[in-house]
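User: Hi! Could you walk me through a protein chain in plain words? I'm new to this.

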Amino acid sequence: MGTAEDRARLEESQPPVSLLPVTQQHIPPAGLAPLGPVLLGASSFACADVLGKVVLNAGADVLTMSVARGGLGLALLFAWMRWQPPAAPFAPRQRWIALGLGVVFAGNIFLLFKAIETITVPVAILTYFVYPLLTGLAAAATGIEKLSWRGGAAAVAAFLGLALMIGAHPVALAVVGVLAALGAACCRVIMLLVTRAALAGADPLHITWYSLIASTVVLAGAMLATGHWQPPATLGGWAAMVVLSVAVTTGILGVFASTMRIGPFRTALFMNLEPLLTAVGSALFLGEVLTPLQVLGGGIMLAALVMYQLRR
């Protein structure tokens, strides 16, 4: 997702909100133009993060917003794929794996929006952004890849920065919000590791498409089972929900295009702009401002995350 939402908002193994898989090393073209797609992706996901809070403040609940975002996102992605059909075929086994990932993606979306509903958006997104570290640590623990001492030190520094950011909040944070953000990060880790292990080299748009179908069906089923439909109570809330869906789809396509242009590794590095842009947008449009100590903690975390991605 979400938001960091259908943020499936991206490291060396890349699903969407992305669900984009690892590809071979990529030498980027010179100049600033190739950075356009990744900047579009990061800013689009940051916009979606802020708009998610706007929709929730307008009276919508998390499940309804998640279902509406999924439905609108599917329509937009379908239109894109009709205009630009994926070049690579998608085997039946890959399709079933992508659909299974969609079940996990549903949890990722719901938990991230729940975190945004419960705590301030910048804290929710920064907490969620521990997922690259958790992915690397899980990969090292399972023997998928090795973790250098520099990578381990960067991971420790990042978690210390996160602890400082949460501990320095001026009022007590709702524990459920922090746990929801961490739960969303764990869902993201599962998606990344499964994608790397079972879908390496598969077409990322196909992975995104089938995962989004499955996640939307799961969330819609939960909504029907509970009989709960709580849309925004204002016209502005409806407009924000539509723009949120467009922003998420734009972010997915931006990340996809960036991966093709500058490679997944550099795309993941630039996607660290999302929490920064989210913090700026939240301050301007939601009045959610981080304290100086929180800014310090978030800065330490993001700097350590970049070093982790560079050094591990």
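Analyst: Happy to help, and we can go through this chain one topic at a time. One thing to know early is that this is a predicted model.

User: Thanks! How many helices and strands are there in the chain?
Analyst: The chain has twelve helices and zero strands. Reading from the N terminus, the elements run α-α-α-α-α-α-α-α-α-α-α-α.

User: And what share of the residues counts as buried?
Analyst: The chain has 312 residues, and 53% of them count as buried. As for the outside, the chain exposes about 12500 Å². Carbon and sulfur atoms supply 73% of that area.

User: Let's zoom in on one residue. Where is Leu219?
Analyst: Leu219 sits in helix H8, which covers residues 204-226.

User: Buried or exposed?
Analyst: Leu219 counts as buried, because its relative accessibility is 5% and the cut-off for buried is under 20%.

User: What is Leu219 in contact with, leaving aside its neighbours within four places in sequence?
Analyst: Its contacts are Leu63, Ser66, Val67, Ala106, Ile109 and Phe110. Take Ile109 from that list: it is 110 residues from Leu219 along the chain, yet their C-alpha atoms are separated by 9.3 Å.

User: Ser66 caught my eye. Which helix is Ser66 in?
Analyst: Ser66 belongs to helix H2, residues 62-83. Its relative accessibility is 0%, so Ser66 counts as buried. Setting aside neighbours within four places in sequence, Ser66 is in contact with Ile109, Phe110, Phe113 and Leu219. Ile109 and Phe110 are also among the contacts of Leu219.

User: Nice, that ties together. New topic: how many salt bridges are there?
Analyst: The count comes to two salt bridges. In general, side chains of opposite charge can pair when their charged atoms come close.

User: Which side chains make them?
Analyst: One salt bridge joins Lys53 and Glu288, at 3.6 Å from N to O. This pair links distant parts of the chain, with the partners 235 residues apart. Lys53 is in helix H1 (residues 36-57), while Glu288 is in the loop between H11 and helix H12 (292-311). The other salt bridge is between Lys114 and Glu117, at 2.9 Å from N to O.

User: How far apart in the helix are Lys114 and Glu117?
Analyst: About one helical turn, because they are three residues apart in helix H3, residues 92-118.

User: Are those four residues buried or partly exposed?
Analyst: Here is how they compare with the cut-offs. Lys53 has a relative accessibility of 8%, so it counts as buried. Glu288 is buried too, with a relative accessible area of 13%. Lys114, at 26%, counts as partly exposed, and Glu117 is partly exposed with a relative accessible area of 33%.

User: OK, what about disulfides? What does the count come to?
Analyst: The count comes to zero disulfides.

User: Why is there no bond from Cys186 to Cys187?
Analyst: Because the two sulfurs are 7.2 Å from each other, which is too far for a bond. Cys187 is in no disulfide, and its nearest cysteine sulfur is that of Cys186.

User: And are those two cysteines buried or partly exposed?
Analyst: Cys186 is partly exposed, with a relative accessible area of 42%, whereas Cys187 counts as buried at 14% relative accessibility.

User: Switching to the surface: which residues make the nonpolar patch?
Analyst: Leu72, Leu76, Val242 and Val246 make a nonpolar surface patch of about 280 Å². The elements giving two or more residues to this patch are H2 and H9. Val246 is found in helix H9, and it is partly exposed, with a relative accessible area of 38%.

User: Tell me about H9. How many residues does it have?
Analyst: Helix H9 has 28 residues, running over 235-262. From its first C-alpha to its last, H9 reaches 40 Å, close to the 40 Å expected at 1.5 Å a residue. Just after H9 comes Gly263, which takes a positive phi of about 90 degrees.

User: Last one! Where does Phe285 lie, and is it buried or exposed?
Analyst: Phe285 lies in helix H11, residues 273-285, and it is exposed, with a relative accessible area of 65%. The C-alpha atoms of Phe285 and Leu51 are separated by 9.3 Å, although the two residues are 234 residues apart along the chain.

Terms used:
Residues numbered from 1 in each chain as written. Predicted model: local features only at pLDDT ≥ 70, side-chain atom pairs only at ≥ 80, totals over all residues. Heavy atoms only, no water. Helix = DSSP H or I, 4+ residues; strand = E, 2+ residues; numbered from the N terminus. Buried < 20%, exposed > 50% of the residue type's maximum accessible area, 1.4 Å probe, protein only. Contact = heavy atoms within 4.5 Å. Expected span 1.5 Å × (residues − 1). Patch = residues over 30% accessible without salt bridge, like charges linked within 9 Å, V, L, I, M, F, W, Y side chains within 5 Å. Areas by Shrake-Rupley, 256 points an atom, 1.4 Å probe, with all protein chains shown as cover. Salt bridge = Lys/Arg side-chain N within 4 Å of Asp/Glu carboxyl O. Disulfide = S-S within 2.5 Å.
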